[in-house]
Amino acid sequence: MIIANQYVPTRALAGMGITIFIILAVAFGPLFMSHGPNEIVGDTWDAPSLFYPLGLDNLGRDMLARLLDGGRATIGLALAITAISFLIGVSSGIAAAVAGGWLDAVLSRSVDLLMSLPQLVLALIILTALGTSIPVLIGTIAILESTRVFRITRSVATGVAALDFVQVARLRGEGLWWIIRREVLVNSLPPIIAEFGLRFCFAFQFIAALSFLGLGIRPPNADWGSMVRDNAQAITYGVMAPLIPAIAIALLTIGVNLIADWLISRNSPAVGEEQ
Amino acid sequence: MSFRFSEPSILRIEQLSIVARRDCGEEVTLLDDINLELRPGEVLGLIGESGAGKSTLGLTALGYVRPGCHIAGGHVFFDGMDLFALSLEQRQKLRGRRIAYYAQSATAAFNPSRPIIDQVCDVPVRHGLCSRQEARRRAIALFRSIDLPSPNTFGDRYPHEVSGGQLQRAMAAMTMAGEPDILVLDEPTTALDVTTQVEVLETLRQLIRERGTAALHITHDLSVVAQTADRIMVMRKGRVEETGAAEKILLAPQTPYTRELVSVQMRPHMTPTGPPRADNMTLAVNDLSVNYGHMRVLDDVSLSIAPGETLVVVGESGSGKSTLAKSIVGQLAPTAGSIRLCNEPLAHFALRRSRDELRRIQMVHQIPDTALNPQQKIRDILARPLSFYFGTTHQQACLQVMQLLERVHLPTDCADRLPTQLSGGQKQRVCIARALAAQPDLLICDEVTAALDPIVAAHTLELLREVQRETGIAILFITHDIDAARRLGDRVVVMQKGKAVDSGPIAEVFDSNTRHPYTSKLLESVPQMRSDWLDTLIAKRRGQPSSSVDGAALEL
């Protein structure tokens, strides 16, 4: 299909469709709900009915209302966390690769230090010390996630920085900022975009883990990760309640990654197997 | 030669067309109506510029088409079997065993973590021809027959423990281990130095002759294919331009394209303009030495270039040519010695040089694909030095970009394109234009023609001469290509193992009777456009009179 003079493959269109659908549903869905996400409207794990199409959860709250409301918090937080972690990770990773020397040494060793400590324990310490307001939560997870982004960006950018056109820019006398922005960043993007698609989905799990410890989104407010966990035991009884938020996470993951794949493949040659 | 006309062909390609489908659904014809016949023992040279479809054609002989491409029509018959009608499994049984492929780079073809002999034995063992012990014995016999040093233990070494030329010849042994009927040689000597190329060519030719293997020899170098091929097929843009006996193509080419191809490689040497002597040298390098750790890669090299003069540095890879260029531009710090630009000393590191000093030395790299940022339009690439060094306004810069493009003979609509949309030769012109935009005093060209096809390379050299005539800049031209050196250079420095072993005006160094032995070896190794060149050279090196008198001798 051709959109704005660009050929867009079907897979990418499907990804866009899924993502846009989820975002619209989460943004406007709660407006049409007759009951709140934290209201108890029936028994534990009541089966889906006409009135509650996705059934009820472990406390008898409407699954659909919680899914839509929890989606706002989850997607919003995940997006903010991933965006900030990439801002920090990509800029420091490229700077380390291009500048090298002491800047690279300091950044790389600090990242090693952060990565050597268990992520969750570190998050717990920071959140206990600074409180669990949303900005602190976002900041903490973003910084911890950015260590992974730093690693991958640095390794990709090191390869790009060794190419002749970067040498040409250096020998022209260009400053560090120009080289980072105009020469290296644009040519390191494909693996970074792929990583974005993955990290975005990992953020759900991290938020869920923190919620479990009472540090993320506080009960009774919903988020997708906690919804999976809260209803996990239902699986033993053959109830599909935990599958619903899990499917929502899976769908969004697939949607985002289909778009990411397309963005990557736009700049790389065809690969495939012999028929 | 050794093939027999009466025998039926081992490979027959009939009206083959191959089409590539791009992501956006657009179709590009790679091969158009190709007919080809190869008899047992015959060597067919496939020649043409990059993008002519010669590799695509070579791969079809293996029953292989690259992903994204498909056959639009025609057949490939191997020994009577229609290759593309066979199942993938059947085709895989033929590959390596009856049809072998010889890749360009041995370093990429060998697994670095296994001894050489294990990999040579893989094909016969896997195809069930013989036991591993028997395969080992045969491999050692092969090593011995191609004169590899200490053949009994050679194979026990790992690929990084032997020289590049030896590894390339070991790959010839690996390819022949399955005793194939057809050998597809895809640019087998392109990545090699001239001196190594001689050895590898001789090994390949010897193996082909001894075993009566038929071969497709793909290359862009006519003088190389002249040494091996019985017949030559010239390809251009996916079509056959001309086919004929090797001597006929060399001596009496029919089509205009083949004629240009032949004449480019046979062009008489241009007369040097005579070095314009000046007291004020553009560049003076004194006793320069560079160490990598404890290894000395550049040893007391001195040279100077006057304005308007071209100094050529020749030598094999590893001789320190590129190290020399890198230390002049300030990418590598020398351990000792000095570099002066127009009599003013230069700081060793580019970071310590002033912006104006950086501007006055510009460099053009070997591979234009990596020297241009693939995400920037040609206009932005060329405008940047203008605004960076001269503070040119955007409007003014756009105007000057057009002038630059015209100066390097590129159409002005290139400005809006990305580097990936240009051909290799066009990209190299953009690199030259970018260097000229800075209005330098010295232009360093590092193997600028090495990655280009012969015709394109010849035009690029002409462009450099033209630019030099117009602007009077000094050029430091680094190359391993003796022909290019003769065409462009005024003076020459011959380098070997980090030392300048010979220097002086080109004519004196190359043509005098008292040449340095290394210079002689280098010059002799340059393939010439006559089919008995390799025979004569090998005979001379072995101290025997030339055995081949039947080749078509062609005086240059």
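**Exercise 1. Determine how many helices and strands chain A contains and in what order they follow one another.**

Solution. In this predicted model, the secondary structure of chain A amounts to 9 helices and 2 strands. Along the sequence, the elements follow the pattern β-β-α-α-α-α-α-α-α-α-α.

**Exercise 2. State the dimensions of chain A, the share of its residues that is buried, and the share of its contacts formed by residues 24 or more positions apart.**

Solution. Step one concerns the dimensions: along the principal axes, the C-alpha atoms of chain A fill a box of roughly 70 × 50 × 35 Å. Step two concerns burial: chain A has 275 residues, of which 43% count as buried. Step three concerns contacts: among those in chain A with a separation of 6 or more, 69% involve residues 24 or more positions apart.

**Exercise 3. Describe how helices α4 and α5 of chain A pack: which angle and distance separate their axes, and which residues make the contact?**

Solution. Two packed helices are described by the angle between their axes and the distance between the axes. Helix α4 (residues 119-130) of chain A and helix α5 (residues 134-161) of chain A meet at an angle of about 150 degrees, and their axes lie 10 Å apart. Angles over 145 degrees count as roughly antiparallel, and α4(A) and α5(A) are therefore roughly antiparallel to each other. The crossing of α4(A) past α5(A) is right-handed.

The contact residues are then assigned to their helices. From α4(A) come Gln119(A), Leu122(A), Ala123(A), Ile126(A), Leu127(A) and Leu130(A), and from α5(A) come Val136(A), Leu137(A), Thr140(A), Leu144(A), Glu145(A) and Arg148(A). By class, the residues of this contact between α4(A) and α5(A) comprise 8 nonpolar, 2 polar and 2 charged.

**Exercise 4. Find how many salt bridges the whole structure holds, and locate the partners of the one between Asp535(B) and Arg205(B).**

Solution. Side chains of opposite charge can pair when their charged atoms come close. Over all chains, a search of the whole structure yields 37 salt bridges. In one of them, Asp535(B) pairs with Arg205(B), with 2.8 Å between the closest N and O atoms. Asp535(B) belongs to helix α22 (residues 533-541) of chain B and Arg205(B) to helix α8 (residues 194-211) of chain B, so the pair ties together parts 330 residues apart in sequence. Burial is judged against a cut-off of under 20% relative accessible area. Asp535(B), at 12%, is therefore buried, and so is Arg205(B), at 5%.

**Exercise 5. Are the partners in the salt bridge of Lys499(B) with Asp299(B) buried or partly exposed?**

Solution. The side chains of Lys499(B) and Asp299(B) form a salt bridge with an N to O distance of 3.2 Å. The pair links distant parts of the chain, 200 residues apart: Lys499(B) is in strand β20 (residues 499-505) of chain B, and Asp299(B) is in strand β12 (residues 295-305) of chain B. Lys499(B) has 45% relative accessibility and counts as partly exposed, whereas Asp299(B), at 18%, counts as buried.

**Exercise 6. Analyse the salt bridge of Asp441(B) with Arg360(B) by location and accessibility.**

Solution. The N to O distance between the side chains of Asp441(B) and Arg360(B) is 2.7 Å. Asp441(B) lies in the loop between α17 (424-437) and β17 (442-446) of chain B, and Arg360(B) in helix α13 (residues 355-360) of chain B, so the pair ties together parts 81 residues apart in sequence. Asp441(B) is partly exposed at 25% relative accessible area; Arg360(B) is buried at 13% relative accessibility.

How values were computed: Residues numbered from 1 in each chain as written. Chains lettered and ligands numbered in written order. Predicted model: local features only at pLDDT ≥ 70, side-chain atom pairs only at ≥ 80, totals over all residues. Heavy atoms only, no water. Salt bridge = Lys/Arg side-chain N within 4 Å of Asp/Glu carboxyl O. Helix = DSSP H or I, 4+ residues; strand = E, 2+ residues; numbered from the N terminus. Buried < 20%, exposed > 50% of the residue type's maximum accessible area, 1.4 Å probe, protein only. Axes fitted to C-alpha atoms, helices over the stretch in contact; angles between N-to-C directions. Parallel < 35°, antiparallel > 145°, perpendicular 65-115°, else oblique. Left-handed = near helix turned anticlockwise from the far one by under 90°. Contact = heavy atoms within 4.5 Å. Nonpolar A, V, L, I, M, F, W, Y, C, P; charged D, E, K, R; others polar.
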